[in-house]
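Thanks, everyone, for making time this morning. I would like to walk you through the empty spaces in this protein, taking the pockets in turn and then turning to the interior.

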Amino acid sequence: DQPLNPDVAKVGVRAVRVSGREAPELVQALTKAGGLKFGARTVGEAEMKQMVADVRKLGDPARGEAVFRRKDQLCMRCHAIAGSGGQVGPDLSSVGASAQIDYLIDSVITPNKQVKENFHAVLVTTQQGLSYTGIKVQESPDTLVLRTAEDKEISIPTKDIDERKMGGSLMPDGLTDVLTRNEFLDLIRFLSELGRVGPYSVSKARLVRRWRALDATAEARQALSSGGVPDGAALRWEPAYSTVSGELPLEDVPHIDAEAVVRCELEASTPGPVVLRLNTAKGLRLWLDRKPMEAKDATEVDVSAGVHTLTFALDLSQRKEPLRCEVEDKPGSPARVRVVGGK
């Protein structure tokens, strides 16, 4: 029966949600004590004017990027930056250059108010009584392909479709309800800067933005102790993403004692040598597929046609810098290589 500061209550609710435990009575108590309201709401004209002013005056884009990247916020589960991240929602690479602050606030608080073209959900019921919801990826006379909120593609034979109708956004209402006011202002400020000229412009360089990070398990420790490239069906890899500037923060990947292991993929349509440009090779071991290579600030790799895996083992006792990796053409080389993005 004691009141709580709303921001304190929000942090409490967020802690419950990310704990993996069911605690409905605790959430209810925190919600009541903080006077919180979750779900869809309308922002009035006066409130919107004040929020826009506060975003400009108080919002910090660096802190906002950290909020955007937090796993409990799920932003990168559905949205990508420069093609890396989820594919359910629009790519946000240039959102700050094309959208005003009030539009961004509305889009986050009330996702169904203005849904971007081609991102309306499609609701399908089959003759077998099954229901599906997702964004239309493609359609032929025989098959409808949807991408679900979990970023998985499902194919539905058109002959099985009983009913089909348009829905709203796959982004749920209230996703930012557990953010403190300052966190919300920071997030909107980051989005408003994203893609504009400055520190949050998205480089066209071939930067590695989507990584796979080795989870800290007993199997991972055993694989690392062998000295070879960590590989095998027993190992678990989780997605990790570089910041807008192209750096992968070390605190964002699992630490396995004093090491961390990440990998990325390159696809060569035309074989030949290319150059890997690292911010620093300090504390790194490198493998191309299963072949060990000397890691240097500029490392030449010769790739055949197809998809290749680069694996980096980071010695955290030596390396404190984030990891940044860029693919550059080697003068005179016929190679055509792209960095694989996605989720």
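**Pockets and a cavity**

Let me begin with the character of the largest pocket, whose lining residues divide into 23 nonpolar, nine polar and three charged. Please keep in mind throughout that what you see is a predicted model. The space in this largest pocket comes to about 800 Å³, and of the 35 residues that line it, H79, P90, L92, S107 and M171 lie nearest its centre. Two or more lining residues come from each of α5 (75-78), α6 (95-98), α7 (101-109) and α8 (181-193), and among these contributors α7 gives the most, with four residues.

The second largest pocket has a volume of about 510 Å³, and it is lined by 19 residues, with R69, R70, K71, P239 and Y241 closest to its centre. Here the lining is made up of nine nonpolar, one polar and nine charged residues, and at least two residues apiece are supplied by α4 (61-69), α5 and β10 (237-241).

What, then, is enclosed in the structure at a volume of 30 Å³ or more? There is one cavity of that kind, and the largest cavity has a volume of about 80 Å³. Its lining includes E65, F68 and R69, together with M76, I81, F190 and R209, and α4 gives the most to this lining, with three residues. By class, the lining of the largest cavity holds five nonpolar, three polar and three charged residues. For those following on the screen, R69 is a residue to find, since R69 appears both among the residues closest to the centre of the second largest pocket and in the lining of the largest cavity.

Note on methods:
Residues numbered from 1 in each chain as written. Predicted model: local features only at pLDDT ≥ 70, side-chain atom pairs only at ≥ 80, totals over all residues. Heavy atoms only, no water. 1 Å grid on protein atoms, 1.4 Å probe; cavity = no way out; pocket = protein on both sides within 12 Å on 5 of 7 lines; lining within 4 Å. Points joined across faces, edges and corners; volume = space filled by probe spheres on them. Nonpolar A, V, L, I, M, F, W, Y, C, P; charged D, E, K, R; others polar.
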